[in-house]
Amino acid sequence: MVSVNKEIAVRVTDVTVRFNLASEKVETIKEYTVRLLKRKKVKIDEFYALKDISFEIEKGDSFALVGTNGSGKSTMLKVICGIYRPYQGRVEVEGSIAPMIELGAGFDTELTARENIYLNGCVLGYNRAFMEERFQQILDFSELWDFVDVPVKNFSSGMQARLGFAIATLVKPDILIVDEILAVGDAHFQEKCKRKMEELQSGGTTLILVSHDISQVLRTCHHAAWIHKGKLMELGEAEEVCKIYMENKDL
């Protein structure tokens, strides 16, 4: 899939992610201490969210992860973003990442949209003067001028998506990661985001998309990977991968 002389934005090599799941629920520190004193151990089960996954994404490519719920797609995105560390294997990323992998992530819901814009700017490393210069741009894109001083906790999921996308794409990132967040917006907003993603891609941004909307994947992405129960099932051009996935998704 990787052409000669092409630069790599993301290289995933033999990545395995393992979680420990307690099979007996322990509610409090007191309960845990009592169990220790009685020498009764809490049984820990291992769950492998990803198993020996490898792929590469070229710079400037549009790449999708497809699969059913619980297949490991979002876990893979969080590994790429550095939120999760792999149990085995490694991930190499070239460039800055703008992740949109969890609706409302980074927002303090008690604060207003205005306050959250400056808060997110600070988290992203931008000073107040920079955010003030681009404040109107953010509100124009999100179309939230009427709600700028309303606490985000009163926002619908679509309104949160608008604000999050407007902030995440404020500066052209090297890699834009989008996980289902566009599914909550209305048709007008989705089309607006699509045009913005096309603009970023034309400027060299690499897009990594997770979506259950196969038509969106086919419209947006050139390449794809199908993950099923933590395993890489298929990798290649989006049309072929999606075809195989749709024929076998009920496995």
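Tutor: As a starting point, a residue is called buried when its relative accessible area is under 20%. The model discussed here is predicted.

Student: How many of the five residues of β3 are buried?

Tutor: The two faces of β3 can be taken in turn, with S62, A64 and V66 on one side and F63 and L65 on the other, and both faces are covered. The strand is therefore largely enclosed by the rest of the structure, and its count of buried residues is five of the five.

Student: Which residue of β8 stands opposite V66?

Tutor: On the side of β7, strand β3 runs parallel to its neighbour and is joined to it by four bridges, with A64 standing opposite L209. With β8, too, the pairing of β3 is in the parallel sense, over four bridges. In that pairing with β8, the residue opposite V66 is W226.

Student: What is the order of the strands in the open sheet of six strands?

Tutor: Several pairings can be followed one by one: four bridges join β5 to β6 in parallel, and β3 is paired in parallel with both β7 and β8. The sheet as a whole nevertheless has mixed pairing, and its strands come in the order β5-β6-β7-β3-β8-β9.

Student: Which strands stand at the edges of the sheet?

Tutor: A strand with a single partner has one side left without a neighbour in the sheet, so the edges can be identified by counting partners. The two strands that have a single partner each are β5 (97-100) and β9 (231-237).

Student: By what angle are neighbouring strands of this sheet turned against each other on average?

Tutor: The angle is an average over neighbouring strands of the sheet, and the direction is ignored. Taken in this way, the turn is 15°.

Student: What angle does the direction of helix α2 make with that of β6?

Tutor: Helix α2 (residues 73-81) packs on the sheet, where it touches β3, β5, β6, β7 and β8. Against the direction of β6, the direction of α2 makes an angle of about 155°.

Student: Which strands does helix α6 lie across?

Tutor: Helix α6 spans residues 187-202 and runs at about 155° to β6. Among the strands concerned, β6 (residues 175-179) and β7 (residues 206-210) are parallel and joined by five bridges. The full set that α6 lies across is β3, β6 and β7.

Student: Which residues of β5 point to one face and are buried?

Tutor: β5 is paired with β6, where the bridge partner of I97 is I175. The side chains of β5 alternate, and I97 and P99 point to the face where they are not buried. The buried residues, pointing to the other face, are A98 and M100.

Student: How many of the 12 residues of α5 are buried?

Tutor: Helix α5 (residues 157-168) reaches 16 Å from its first C-alpha to its last, close to the 16 Å expected. Its buried residues, including R162, L163 and F165, pack against β5, α3, α4 and α6. The helix is largely enclosed by the rest of the structure, because the number of its 12 residues that are buried is 11.

Student: What is the relative accessible area of G121?

Tutor: G121 is placed in helix α3, whose buried residues pack against α4 and α5. Leaving aside residues up to four places away in sequence, G121 touches Y126 and M131, and its C-alpha is separated by 9.4 Å from that of A168, which is 47 residues apart along the chain. G121 is buried, and its relative accessible area is 0%.

Student: How many disulfides does the structure hold?

Tutor: C242 counts as buried at 2% relative accessibility, whereas C81 is partly exposed at 23%. For C242, the closest cysteine sulfur is that of C221 at 8.1 Å, which is too far for a bond. For the structure as a whole, the number of disulfides is zero.

Student: What share of the 251 residues of the protein counts as buried?

Tutor: The secondary structure of the protein comes to eight helices and nine strands. Its accessible surface is about 13700 Å², of which 48% belongs to carbon and sulfur atoms. Of the 251 residues, the share that counts as buried is 43%.

Terms used
Residues numbered from 1 in each chain as written. Predicted model: local features only at pLDDT ≥ 70, side-chain atom pairs only at ≥ 80, totals over all residues. Heavy atoms only, no water. Pairing = 2+ DSSP bridges. Axes fitted to C-alpha atoms, helices over the stretch in contact; angles between N-to-C directions. Contact = heavy atoms within 4.5 Å. Disulfide = S-S within 2.5 Å. Buried < 20%, exposed > 50% of the residue type's maximum accessible area, 1.4 Å probe, protein only. Expected span 1.5 Å × (residues − 1). Areas by Shrake-Rupley, 256 points an atom, 1.4 Å probe, with all protein chains shown as cover.
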